[in-house]
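Hi,

Here is the structure I promised to pass on. Have a look at it first, and my notes follow underneath.

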Amino acid sequence: MPLPTLEGAQVRLRPPAPADYDRIFAWYNDPEVIAPFDRFSVDTFDAFRREIESASDDPASLAPRFVIELREDGRVVGLVGYYLSHPVLTLTDVWYVLGDTSVRGRGLGREAVGLLVDFLFHDEPLERVGATTDVDNTASFRLLEGLGFHREGTIRAGLFHHGRWHDVAVYGVTRPEWTARPRSD
Ligand SMILES: CC(C)(COP(=O)(O)OP(=O)(O)OC[C@H]1O[C@@H](n2cnc3c(N)ncnc32)[C@H](O)[C@@H]1OP(=O)(O)O)[C@@H](O)C(=O)NCCC(=O)NCCS
């Protein structure tokens, strides 16, 4: 089933379309945009397109599931995704990037991830939605904490990037916590 469009106050999430690919691929090739706190690799454009277009058949795919579009002018400013992150446990993790760095710090990332988590709890039989982030990625973990995610622990030396091993914080929010959270919308 194709993914729907999700409307928020400032942003909407919609599935990526071929017209978005050049813009997204440019972000994928800029390590300072996509991965200041993450590992980085470059694909060919063909491999990148195949990954996006086969994602709906692959629950573990790391391809973007939605682009983040500004409601005010329709500009595509970022990406969000979710993936089954463990072969045995029922762990679905979300990820998020504002590729357009000029719109960071305005609450758009948090709104986009909130829409995604709402969608996952509404459409999937999940009891928990998770995320992992480099312990030094303050914007990322504050985004999660502001949405009501809890820091559940730290994976030591779990991620290699920028020439060394980094500790990774594990975050999660359960369905009852998400349902009970105070909402402004
Ligand atoms: C993480 C990211 C999506 C955040 O999006 P954003 O729209 O800029 O974030 P928001 O404006 O919603 O702010 C979320 C929280 O982070 C804080 N924050 C935002 N940018 C920050 C920065 N550069 N340094 C420290 N804190 C920051 C905000 O103050 C807010 O916290 P608060 O409400 O407790 O004050 C964006 O910084 C990004 O794309 N980073 C690169 C990719 C990345 O690291 N993704 C996460 C991988 S796990």
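Please keep in mind that this is a predicted model. I started with the ligand, where helix α5 gives the most to the surrounding shell, with six residues. Strand β5 (92–98), helix α4 and helix α5 (138–146) each supply at least two residues of that shell. In total, 22 residues surround the ligand, and the closest are Arg-104, Gly-109, Arg-110, Ala-139 and Arg-142. By character, the shell divides into nine nonpolar, eight polar and five charged residues.

Next, the interior. The largest nonpolar core has 32 residues, and those touching the most other members are Leu-13, Ile-68, Val-80, Val-94, Ala-112, Val-113 and Leu-116. Helix α4 (residues 108–123) gives the most to this core, with six residues. If you want one residue to click on, try Leu-13: leaving aside residues up to four places away in sequence, Leu-13 touches Thr-5, Leu-6, Phe-66, Ile-68, Val-80, Ala-112, Leu-115 and Leu-116.

As for the overall fold, the protein chain has six helices and eight strands, and along the sequence they run β-β-α-α-α-β-β-β-α-β-α-β-β-α. Contacts between residues 24 or more positions apart make up 53% of those with a separation of 6 or more. Of the 185 residues, 25% count as buried.

What radius of gyration does the protein chain have? The value is 16 Å, which agrees with a compact globule, because one with 185 residues would have a radius near 16 Å. Along the principal axes, the C-alpha atoms fill a box of roughly 40 × 40 × 35 Å.

Best wishes

Note on methods
Residues are numbered from 1 along each chain as its sequence is written. This is a predicted model: local features need pLDDT of at least 70, side-chain atom pairs count only at pLDDT 80 or more; totals for chains, interfaces and linings use all residues. A nonpolar core is a set of buried Ala, Val, Leu, Ile, Met, Phe, Trp, Tyr and Cys residues joined through C-beta atoms within 7 Å. A residue is buried if 20 or more other C-beta atoms lie within 10 Å of its own, exposed if 12 or fewer, and partly exposed in between; C-beta atoms are placed from the backbone. Helices (H or I, at least four residues) and strands (E, at least two) are DSSP runs, numbered from the N terminus. Two residues are in contact if their C-beta atoms, placed from the backbone, lie within 7 Å. A residue is near a molecule or strand if its C-beta atom, placed from the backbone, lies within 6 Å of it. Ala, Val, Leu, Ile, Met, Phe, Trp, Tyr, Cys and Pro count as nonpolar, Asp, Glu, Lys and Arg as charged, and the others, Gly among them, as polar. The radius of gyration is taken over C-alpha atoms; the globule rule is 2.2 Å times the number of residues to the power 0.38.
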